[in-house]
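Student: I have a new structure open in front of me and I am not sure how to read it. Could we go through some of its features together?

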Amino acid sequence: MSALVSTIEHPQHEECEGQNNPFQYPSTVEALAIAQTGDINVIEKITLPFPKVNPEDLVVKIEYIGVNFIDTYFREGLYPLDHFPATIGEEAAGVIVALPTDPEVLENPYFKRQEFKIGMSVAVTTMGTDQTYISIPWSRAFPTRGVSTKIAAASITQIATAITFMSDAYAVSPGDTVFIHTIAGGLGLVFTQYAKHLGARVIGTTSTKEKAELARKNGADEVILYKDENVVERVRTLTGGIGVDVVYDGVGKDTFEMDFEILKRKGTLVSVGNASGPVPPFSPLKLMAKNHKLVRPSVTNYVVTAEEAWKIGGKVFNLITEGVLKVNIYKEYPFTTEGGRQAQIDLTNGKTMGKLVIRVSAK
């Protein structure tokens, strides 16, 4: 995982070059940022200089922010930061206010395919999104294709994760049995819907009957209440003692050992996150018992090139507009110190069902 890149260098505060860029940069932005790693109280809404605008960049006015577990990993120091104060966040959506000025970018075939223009709604995936304006390489912006910026901010990272983790990390096929931890969370619900779209049987865990019902409404075939049931025994019963083809585990430390018990011979564990903490070091010999595979991917390493961004971004919003995937937004928060803190508190307390977003400047 790459370190959070600071974008607080002073730009030149004049009109963008070219007739397509009449935007006058303000001198500052408002940001949810941290001056050091630590507990929830390190999050503050502060004023920073307007970000440096490079010739290959789009400038985007942010309307909505998506809240993700990775935000807590950076805030706590699990993932490294290279500068303070650091704006948090890696997912947002808004409107383009300035286009690149680099002639090579303007002639790039994938830039042309995206048909970027002033006023276009885009989703963005880059470190440091939680501020009023961001300047980003154009390949990190994805036209929303008619999807609202609220839905776009709630979906781009998680749907891109589902697409790549269910193709590149493990290719889910019709008839596979897929196991998803915390199935009623924002990512779990997307995983569930997409796995069903691919023809898989879906088993998952959650903590309450209410969450289990939501997971079933999103396509889950079987939902195990991990506080009340023995997960390993239930999976063995549901699979005739064989186990599941693949486990998607965003919990981490607390469920890691269990994953190997519920996987079938030659099954694959896709480690998605570290909600309970990182997995301790272990010997590769652990995989030998049933010829298991272990993958710890990052969606940012699946969507690197302009071609990959064009393909994956287009697929994300096509899946929404075609009705294949439904985005479940659980709660919206204000763009304040209190709102930023409460969003992370709620995300990590296990009581939410679906995606959390922060409203920045939407009309």
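Student: Which strands make up the open sheet of three strands, and in what order?

Tutor: Start from the general idea: strands of a sheet pair through backbone hydrogen bonds, either parallel or antiparallel. In this predicted model, the open sheet runs in the order β2-β1-β4, with antiparallel pairing. Its edge strands are β2 and β4, each of which pairs on one side only.

Student: What packs on this sheet?

Tutor: Helix α11 does, touching β1 and β2. The direction of α11 makes about 130° with that of β2.

Student: How many bridges join β1 to β2?

Tutor: There are seven bridges between β1, residues 28-34, and β2, residues 43-49, in the antiparallel sense. To see one pair, find Val29, which stands opposite Leu48 in β2.

Student: And how many bridges join β1 to β4?

Tutor: Here you will find two bridges, again antiparallel, with β4 covering residues 86-87. Ala33 has Thr87 as its bridge partner, and Ile34 is partnered by Ala86.

Student: Is β1 mostly covered or mostly open?

Tutor: As background, in a regular strand the side chains alternate between the two faces of the sheet. In this case β1 is mostly covered, with five of its seven residues buried.

Student: Now a helix, please. Where do the buried residues of α6 lie around its axis?

Tutor: First pick them out: Lys211, Ala212, Leu214 and Ala215 are buried in α6. Looking down the axis, you see these buried residues fall within an arc of 160°, so they line one face of the helix. Turned away from that buried side is a face with the exposed residues Lys209, Glu210 and Lys217.

Student: What do the buried residues of α6 pack against?

Tutor: They pack against α5, β10 (201-206) and β11. Just look past the helix as well: α6 is followed by Gly219, which has a positive phi near 115°.

Student: How many residues are in the largest nonpolar core?

Tutor: That core has 47 residues, and Ile159, Tyr248 and Phe317 are the ones with the most contacts inside it. Elements that each supply at least two residues include α4 (149-169), α5 (186-197), α6 (209-217) and α10 (306-321), along with strands such as β12 (244-249). The most comes from α4, which gives 11 residues. Another core, of 40 residues, lies apart from this one, and Val60, Phe111, Ala343 and Leu356 are among its members.

Student: What does Phe317 touch?

Tutor: Leaving out residues up to four places away in sequence, Phe317 touches Ala123, Phe142, Pro143, Thr144, Arg145, Val147, Ala152, Ser155 and Ile156.

Student: Arg145 is in that list. What is the phi of Arg145?

Tutor: A general point helps here: most residues other than glycine have a negative phi, and most peptide bonds are trans. Arg145 has a positive phi, near 55°. This residue sits in the loop between β8 (141-143) and α4. Arg145 counts as partly exposed because its relative accessibility is 42%, and partly exposed covers the range between 20% and 50%.

Student: What is the phi of Glu115, and where is that residue found?

Tutor: Glu115 has a positive phi of about 55° although it is not a glycine. You can find Glu115 in the loop between α3 (109-114) and β6 (121-124). At 58% relative accessibility, Glu115 is exposed, since the cut-off for exposed is over 50%.

Student: Is the peptide bond from Phe84 to Pro85 cis or trans?

Tutor: The bond is cis, with omega near -5°. Pro85 belongs to the loop between α1 (69-76) and β4.

Student: One last residue: is Thr352 buried or exposed?

Tutor: Thr352 has a relative accessible area of 10%, so it is buried, as buried means under 20%. Thr352 is placed in the loop between α11 (337-348) and β16 (355-359). Setting aside neighbours within four places in sequence, its contacts are Ala184, Lys211, Tyr330, Asp346 and Leu347.

Student: Which feature does UniProt place at residues 38-358?

Tutor: The unreviewed UniProt entry gives "domain: Enoyl reductase (ER)" for that span. In the model, residues 38-358 are 33% helix and 25% strand, and the end C-alpha atoms lie 21 Å apart.

Notes
Residues are numbered from 1 along each chain as its sequence is written. This is a predicted model: local features need pLDDT of at least 70, side-chain atom pairs count only at pLDDT 80 or more; totals for chains, interfaces and linings use all residues. Side-chain values use heavy atoms; hydrogens and water are left out. Helices (H or I, at least four residues) and strands (E, at least two) are DSSP runs, numbered from the N terminus. Buried means under 20% relative accessible area, exposed over 50%, partly exposed in between (1.4 Å probe, protein chains only). Contact means heavy atoms within 4.5 Å. A nonpolar core is a set of buried Ala, Val, Leu, Ile, Met, Phe, Trp, Tyr and Cys residues joined through side-chain atoms within 4.5 Å. Two strands pair if DSSP finds at least two bridges between them. UniProt positions are given in the numbering used here, feature names are shortened, and annotations may be inferred rather than shown by experiment. The arc is that of the directions from the helix axis to the C-beta atoms. Axes are lines fitted to C-alpha atoms, for helices over the stretch in contact, and angles run from 0 to 180 degrees between N-to-C directions.
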